[in-house]
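Hi,

Here is the structure I said I would pass on to you. Have a look at it first, and then read my notes below with the viewer open.

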Amino acid sequence: MRAALLLVLVGAGSARAGPASDAFLESETVTASPAQSVPTTPGDPLWMKAPVASFRVSAQRSVRLNDKRANELLGQPGFGEVRVRALASATELGVLLTWNDASRNVLPADDTNAYPDAAAIEIPSVFGAGHRLPYVGMGDVELPVRLYLQRKAPKGTQANEYVAAGFGSLTRVPRIQATMAMEYDEQLKLWRAVFVRPLQVEGHALTQSSLVPMAFAVWDGARSERGGYKQLSAWRFVLLPRPALDAAYVKYLSWGYAPGDLGDPAKGRAIAETVCIACHRLPGKTVASPGIAPDLFDIGAIASPIYLRESITNPNGVIIHAVNPNAHYSKASPPDKNGAYPNADAYQWSTTLPGGKIVSKMPPFTMFTPEQVGDLIAYLKTLDGTKEPEPR
Amino acid sequence: MSSRQLAMVMDLNKCIGCQTCTVACKTQWTNRNGREYMYWNNVETKPGDGYPKKWEALGGGFDATGALQDGVVPSKYSEYGVPWDYNQDQILQGAELQPGTDPTVGPNWDEDVGAGDFPNSYFFYLPRICNHCSNPGCLAACPRSAIFKRDQDGIVLVDLNRCEGYKLCIAGCPYKKIYFNPKLSKSEKCIFCFPRIEKGLPPACAQQCVGRIRFVGYLDDAEGQVAKLVNQYKVALPLHPEYGTQPNVYYVPPMTGPRKFDKHGKPIEGSDRIPLGYLESLFGKAVHDSLKTLHAELDKRKAGKPSELMELLIAYKHSDMFRLGTKAPEGFKLPVLK
């Protein structure tokens, strides 16, 4: 990876804005190797010519869903990482994901509570200098995402293309323009999944920036994973051979990667455990009612420092609707004429002001000093979903 | 959540467990395309495990504050039962009648087993369809808003274009009346025969009911028999109201079970084999008032006095039992049960 990365950096020396950029590029990116054409089979030897990056994936713990068995399995160790390779031709970008999995699970032909192994990639609709990152959990109200999902079927894969603008909004795109395939290697006990799509499709160009934000998710059927039960990565970045490295974007994204950007996690923890716990659940600190706000058990594994900084200081910039607005009704409110109770407002994460503007329920924490924000993010980055599992 | 609410009342005193409703539903909706194992309508023996097996222990529904509870997605192999065939084509050649597989569970596995010791054992039949709840657990659990209540009648339906087959609805429904179709990878459920409703016809299960136990109508139609049984006489009660979903299928509880025998084998006057506590565990505390009313009205009729309630439960005419072509009245409000 290093060698390929340096090649690109030599070509775009001006992007080397300092240690933050270097650290960011080193840990968060995978370089797409130029190729005449991108192979669509997972076993093609050409993939091995591309440099590999290993990205952490962790079980989704931000929102709690209601399958008892899947919830019981949440605390068990997951895949840990996906390894990513990328190839880019003049017209296409392809990524190969590989991850270790002890068992192969396919879409059940018959049973009612079995689940397939699956993989997906997510790309923001707009990205590049001047654009923030969408919420990693399927985008947000302002910034939709495109998703490519394949589930292993008894024969081939069930592949679909989606758009989404936040939890619950995933919607199939009728015309699939990507090519997807996944194969299980019985000997090595690992999956290889390929996603290939044109650089340019209607309404979505991957060449908006040389750094294509991409998040990865994998599902383990053996853990009853499907939908929101998944193992996901933070936003990572595929470095395209063209255009030239987007220096302004790198500068923006790499905040928090230089020593000194973030502060003291112990101080941050003290802030989180006095302020944030009112609504968010933290490892070992679960006073807030589940569902009032996203849980932060794994926030460090799925959110970048810049995303956290924006979310803390300007929550209205990232509106996310509750994963399931109907999961809590208000028994205290009078039922309607047919006996139906209204949804409990406390569990809605956003509210619509008179006039139609949607605002986040989270107030902007502008009272924090930049140092306090740095401390807080330093602490949040330590929350990778592995510590002190949620008490039952 | 909806402008009006259709409801069904089932009089358990008249259910003979003939499964005609089950067959009417199956031939209409679930004998094909991955639905073969599903029974949108089933009739189970109570006390008993029911269908799917031990569904009352599989979670879902809401707690007392209105928060959705975790639930289990049942397995076709251990909880629903895999449909099987018999070797009927071979028995004329001398073979013994045998199932094609070795079944271990099925939709009517513990039929007529019941509870209690002979000769005071007891059971009754409980027909179950989707309750088309006012606060549906399935709808609450779906993270994709793929489940909705129709505004005009409150029927709960799955938008199959939005369903991604995550099965959280199945975990969320405390009655386990929404099913996963493995062939389509989507969830499906009782649709209250809405294409029939739209033509002014009752659901097939109600139309075909031999015992004429089922009444269908809008809760706000004060003249309708459903509203009279539910709102006026308050003898028809939802199943497991403590699940918190506000079901819209109501049951007239069994009031005339057989009497107990004493040790000489003589029936004990005034006794009832079905324990009241068991009925309370199914229908809540309101079952006491319901039974009181039913017995009082029965006694009235026995004394030769008129009783609208008893006349109504005789179920003379389908046209009175099924009232579908009504308009919503002004100012209706569902009464709250104690």
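**Two helices, side by side with their surroundings**

On one side of helix H5 of chain A, A:Ala266 and A:Lys267 are exposed. Before you go on, keep in mind that this is a predicted model.

So which residues of H5(A), the helix that runs over residues 265–272, are buried? They are A:Gly268, A:Ile271 and A:Ala272. Around the axis these buried residues cover an arc of only 95°, which puts them on the same side of H5(A); A:Ala266 and A:Lys267 are on the other side. If that pattern looks odd to you, remember that an α-helix has 3.6 residues a turn, so residues three or four places apart point the same way. Part of the cover over the buried residues of H5(A) comes from helix H8 (370–380) of chain A. Have a look at the start of H5(A) too: a side-chain oxygen of A:Asp264 comes to within 2.9 Å of the backbone nitrogen of A:Ala266.

Chain B has a helix to try the same exercise on. In helix H8 of chain B (residues 276–283), the buried residues are B:Tyr278, B:Leu279, B:Leu282 and B:Phe283. Looking down the axis of H8(B), you will find these buried residues within an arc of 115°, so they line one face of the helix. Their cover includes strand S2 (42–46), strand S3 (124–128) and helix H9 (286–302) of chain B, along with strands S9 (237–238) and S10 (249–252) of that chain. Just after H8(B) comes B:Gly284, with a positive phi of about 80°.

**Spaces inside the model**

How many cavities of 30 Å³ or more does a search of the whole structure find? It finds ten. The largest cavity has a volume of about 470 Å³. It is lined by 36 residues, and the closest to its centre are A:Met138, A:Trp219, A:Gly227, A:Gly228 and A:Lys230. Three strands of chain A each give at least two residues to this lining: S6 (118–124), S7 (145–152) and S14 (211–219). Sorted by class, the lining of the largest cavity has 23 nonpolar, seven polar and six charged residues.

One of those central residues, A:Gly228, is worth a click. A:Gly228 sits in the loop between S14 and strand S15 (231–232) of chain A, and at 23% relative accessibility it counts as partly exposed. A:Gly228 and A:Gln60 are 168 residues apart in sequence, yet 6.9 Å apart in space from C-alpha to C-alpha. Leaving out residues up to four places away in sequence, A:Gly228 touches A:Gln60 and A:Leu65.

Then there is the largest pocket, with a volume of about 680 Å³. Its lining has 33 residues, and the closest to its centre are A:His280, A:Ala293, A:Pro294, A:Ser311 and A:Met362. Helix H7 (305–313) and H8 of chain A are the elements that give two or more residues to this lining, and the largest share, four residues, comes from H7(A). By class, the lining of the largest pocket has 25 nonpolar, six polar and two charged residues.

**A serine and a proline in chain A**

Is A:Ser210, in the loop between strand S13 (204–205) and S14 of chain A, buried or exposed? At 1% relative accessibility, A:Ser210 counts as buried. The side chain of A:Ser210 reaches the backbone oxygen of A:Ala244 at 3.3 Å, and a polar atom of that side chain lies 2.9 Å from the backbone nitrogen of A:Asp246. A:Ser210 also touches A:Pro243, a residue in the loop between strand S16 (236–239) and helix H4 (247–253) of chain A. The peptide bond from A:Arg242 to A:Pro243 is cis, with omega near -10°.

**Unusual backbone angles in chain B**

Most residues other than glycine have a negative phi, and most peptide bonds are trans. Here are some cases that go the other way:

- B:Phe118 and B:Pro119 are joined by a cis peptide bond, with omega about 5°.
- B:Lys54 has a positive phi near 55°, and at 45% relative accessibility it counts as partly exposed.
- B:His132 has a positive phi of about 40°; B:His132 is buried, with a relative accessible area of 2%.

Enjoy exploring!

Terms used: Residues are numbered from 1 along each chain as its sequence is written. Chains are lettered from A and ligands numbered from 1 in the order in which they are written. This is a predicted model: local features need pLDDT of at least 70, side-chain atom pairs count only at pLDDT 80 or more; totals for chains, interfaces and linings use all residues. Side-chain values use heavy atoms; hydrogens and water are left out. On a 1 Å grid over the protein atoms alone, a cavity is a set of points where a 1.4 Å probe fits but cannot get out, and a pocket is an open set with protein on both sides within 12 Å along at least five of seven lines; lining residues have an atom within 4 Å of a point. Grid points are joined across faces, edges and corners, and a volume is the space filled by probe spheres set on the points. Ala, Val, Leu, Ile, Met, Phe, Trp, Tyr, Cys and Pro count as nonpolar, Asp, Glu, Lys and Arg as charged, and the others, Gly among them, as polar. Buried means under 20% relative accessible area, exposed over 50%, partly exposed in between (1.4 Å probe, protein chains only). A polar contact is a pair of N or O atoms within 3.5 Å; within protein, one must be able to donate a hydrogen and the other to accept it, and residues adjacent in sequence count only if both atoms are side-chain atoms. Contact means heavy atoms within 4.5 Å. The arc is that of the directions from the helix axis to the C-beta atoms.
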